[in-house]
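Let's take a look at the pockets in this one and see what lines them.

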Amino acid sequence: MKRIALGVQYDGTAWHGYQKQEDGHTVQDQLEIALQKFARVPVATTCAGRTDTGVHAIEQVVHFDTELERDIHSWIRGVNTFLPASIAVRWAHAIPADVESHPDEQFHARFSARARTYHYVLYNNPTRSPLLEGRAGWVFRPLDIAPMREAVKPLIGWHDFSAFRAAHCQAKSPVKLMHEIGIERRGELIVFTIRANAFLHHMVRNLVGSLIYIGLGKHSPEWLGEVLEGRCRGDAAPTFMPDGLYLAKIDYDPKWGLPQEKGSPLPWF
């Protein structure tokens, strides 16, 4: 039995999120169907982080265990043969035997992750763009990114992010380590880059929605820190649309040797 890690990229527009559902219309369902068709045996996968309906992944990481002997590149070509156009395996990697031989250090797509990075792409223009439908959020009023950048400073570090947590979030603790929040304007696109050790359900979309309020001048930059300290979900902005949210990268210890993406295929990153 050996463990294989895969880097999976997908456009989440057409799918009901990552995690398996009874209707079978999720990324995980499609991936496991493709794996079974290629391997000719059922294959159960574990992902680094579940994404919601309409959310995309530049690089989702999953793992599975198998006794099959296959050339590592065949897991890419073979599985992609059975995947829809909106989902693709970008790389595959067999966990080194010398590391895998220690059960306490076994690679796990979720639990071995050190940090996760999300991008949120926002189109800021008076008129919506059909070309960005499903791929970027949209705000038609002008946004000022200077106060948004000022507002995120109190969020860096260990904090209780209950104010930005969905009501049905299943995380054991709302306390997370926020590493960085970057906000850049690139023409009519504003890109939020948010990196933390882990995220609560809807946390990124709730943060983005609150930052948009600040960028519109509805609240001062200090308001975001006050919302954080208040720990009340009702004080923050409503959950923003999923269209522009991308799971961008999962950080792991270099000892695993994962051949992760060096850059992004998307022009705004």
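The lining of the second largest pocket breaks down into eleven nonpolar, three polar and two charged residues. Keep in mind that this is a predicted model. The second largest pocket holds about 230 Å³ of space. Its lining takes in 16 residues, and those closest to the centre are Gln9, Tyr10, Asp11, Tyr246 and Leu266.

Which strand gives the most to the lining of the second largest pocket? That's β3, with three residues. At least two lining residues each come from β1 (2-10), β3 (56-66) and β4 (87-94).

Now for the largest pocket, which has a volume of about 1,100 Å³. Here 40 residues form the lining, and Gly49, Arg50, Arg110, Phe199 and His201 sit closest to the centre. Two or more lining residues come from each of β2 (46-47), β5 (115-124), α5 (203-215) and β10 (245-251).

Here's how the residue classes fall in each lining:

| Pocket lining | Nonpolar | Polar | Charged |
|---|---|---|---|
| Largest pocket | 17 residues | 16 residues | seven residues |
| Second largest pocket | eleven residues | three residues | two residues |

As for annotation, the unreviewed UniProt entry puts "domain: Pseudouridine synthase I TruA alpha/beta" at residues 9-97 and 151-253. Along residues 151-253, the chain is 22% helix and 30% strand. The end C-alpha atoms of that stretch are 31 Å apart.

Key
Residues numbered from 1 in each chain as written. Predicted model: local features only at pLDDT ≥ 70, side-chain atom pairs only at ≥ 80, totals over all residues. Heavy atoms only, no water. 1 Å grid on protein atoms, 1.4 Å probe; cavity = no way out; pocket = protein on both sides within 12 Å on 5 of 7 lines; lining within 4 Å. Points joined across faces, edges and corners; volume = space filled by probe spheres on them. Helix = DSSP H or I, 4+ residues; strand = E, 2+ residues; numbered from the N terminus. Nonpolar A, V, L, I, M, F, W, Y, C, P; charged D, E, K, R; others polar. UniProt positions renumbered as here; feature names shortened; annotations may be inferred.
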